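User: Please take a close look at one loop in this model and at the side chains that act there, and then set it beside other local features worth checking at the bench.

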Amino acid sequence: MIAAHGGKLTDRVLTGKALEKATKQAKSLPTVTVDYDTARDVQNLARGVFSPLQGFVGKADFDSICQRNCLVNGVAWTIPILLDVPCADAMETGKDYALVQEGQSEAGAILHLSEVYAWDKAQAATAVFGTSDEAHPGVKGYLSRGDFLLAGEIDLLNNDRGPYASHNLFPAETRKAFEERGWETVCAFQTRNVPHAGHEDLQKTVLGFYDGLFIQPIIGKKKPGDFRDEVILRAYETILDHYFAKDRVFLNILPTEMRYAGPKEAIMHAIMRKNYGATHIIIGRDHAGVGNYYGEEEAIEMFDKPEFADLGIKAVSIRGDFWYCKTCGRVASNRTCPHGEADQIPFSGTKIRKGIIDGIAPDPRIMRPEVFDVIRSFEDPFVS
């Protein structure tokens, strides 16, 4: 089994008497309110998804991530996990704070506050997203955050699996599941979309090289126009039921937000999947990109940089511009197919979305009819 990133899987989930004691203590602590997505990342920190982090990083690590793509100790890391507040006047380092998700009354975790620091949001956004353009959803999100960041280890009180519990196994659990299946090599597939024939072809191709396929949709905040979480999950359940060998595929969600950071997010996607036990990850064209901010193969090339030579998990990249070729009778690309545009049926996300809205099914060589039907069963399948 591949080692966790940094060498050890983080476990800061309190149980038993420790949980009882901390839950009682939390009721008397000052509180910090966090939004839904930050609450998910608190759980991710505790469950080891962000190993080796034990909590929110201090300024030295924050600066190192932004400037050198690694923690101070040299472990690769490309996007800081943030806990921001608008005002730090009431925050006192060395004290504990109860982290409470907005809209809830009970603490979800305890923060052992070690540092409070101001951050240059515009500078950090440029470092992470490679642009200062406020039209970029990630930049816009950074600029809307509070002016101060909190650092410190956390202990998790609320370990609820959420609305998709049966598909939300934690890293220690997926690792055990892979071992029980005898999978020595596991290829992860990151997605924020419903599956079309191009995805299916790629997923089945890698199953010829590796023991198992680990499909892991991002379940969390996405930009308007993306597919809603439940739609993505139900579409994958459907295609797996009809068209995949079940003993070779594992469907499990990743409850975190999309950051749209392109190449740097591709590295983070790899690190998180490594912690879940994957040995390889498919990195495609414009992975985790948005608009025209990143080059088509920039994320693929990111894995060739020297600072990621010891990442552990390997990127699997099948290059090319893909379509269905009517003459080849299969999914093809500009690297494999000699036929012209008249033979090509493109995997156009825009056309697929329009067909879903208009109730017009795509060519079954582009999307399985069962997948289209389940998407259409939702009144509004898109994030508004």
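Analyst: Asp286 lies in the loop between E10 and H10, and that loop is a useful place to begin with this model, which is a predicted one. The backbone at Asp286 has a positive phi of about 50°, although this residue is not a glycine. Asp286 is partly exposed, since its relative accessible area is 26%.

Arg285 also sits in the loop between E10 and H10, and with a relative accessible area of 31% it is partly exposed. Two acidic residues pair with Arg285, and they can be taken in turn. Glu296 forms a salt bridge with Arg285 in which the closest N and O atoms are 2.4 Å apart. Glu296 is found in the loop between strand E10 (280–282) and helix H10 (298–302), as Arg285 is, and the two residues are 11 residues apart. Glu296 counts as partly exposed because its relative accessibility is 49%, a value under the 50% above which a residue would be called exposed.

The other partner is Asp321, whose salt bridge with Arg285 has its closest N and O atoms 3.0 Å apart. Asp321 lies in the loop between strand E11 (314–316) and strand E12 (322–325), so its pairing with Arg285 ties together parts of the chain that are 36 residues apart in sequence. Asp321 is partly exposed as well, with a relative accessible area of 36%.

These pairs belong to a wider set, for the count in the model comes to 24 salt bridges. One of a more local kind joins Asp358 to Lys354, with the closest N and O atoms 2.6 Å apart; both residues lie in helix H11 (residues 349–358), 4 residues apart, which is about one turn of the helix. Asp358 is partly exposed at a relative accessible area of 40%, whereas Lys354, at 53% relative accessibility, counts as exposed. Elsewhere, Asp84, Arg145, Lys221 and Glu257 are linked in a network of salt bridges.

Backbone geometry deserves the same care at two further positions. Asn69, like Asp286, is not a glycine and yet has a positive phi, here of about 60°. Asn69 is found in the loop between helix H3 (59–68) and strand E3 (84–85), and at 9% relative accessibility it counts as buried, whereas Asp286 is partly exposed. A cis peptide bond, with omega of about 15°, joins Ser51 and Pro52, and Pro52 is in the loop between helix H2 (36–47) and strand E2 (55–56).

Helix packing offers a last point of comparison. The axes of helix H8 (residues 229–243) and helix H12 (residues 369–376) come within 9 Å and cross at roughly 150°, which makes H8 roughly antiparallel to H12. The crossing in which H8 passes H12 is right-handed. On the H8 side the contact involves Val231, Arg234, Ala235, Thr238, Ile239, His242 and Tyr243, and these meet Glu370, Val371, Val374 and Ile375 in H12. Sorted by class, this contact has 7 nonpolar, 2 polar and 2 charged residues.

To return to the loop between E10 and H10, Arg285 there forms salt bridges with Glu296 and with Asp321, while Asp286 carries the positive phi.

Notes:
Residues are numbered from 1 along each chain as its sequence is written. This is a predicted model: local features need pLDDT of at least 70, side-chain atom pairs count only at pLDDT 80 or more; totals for chains, interfaces and linings use all residues. Side-chain values use heavy atoms; hydrogens and water are left out. Axes are lines fitted to C-alpha atoms, for helices over the stretch in contact, and angles run from 0 to 180 degrees between N-to-C directions. Angles under 35 degrees count as roughly parallel, over 145 as roughly antiparallel, 65 to 115 as roughly perpendicular and the rest as oblique. A crossing is left-handed if the near helix is turned anticlockwise from the far one by less than a right angle, and right-handed if clockwise. Contact means heavy atoms within 4.5 Å. Ala, Val, Leu, Ile, Met, Phe, Trp, Tyr, Cys and Pro count as nonpolar, Asp, Glu, Lys and Arg as charged, and the others, Gly among them, as polar. A salt bridge is a side-chain nitrogen of Lys or Arg within 4 Å of a carboxyl oxygen of Asp or Glu. Buried means under 20% relative accessible area, exposed over 50%, partly exposed in between (1.4 Å probe, protein chains only).
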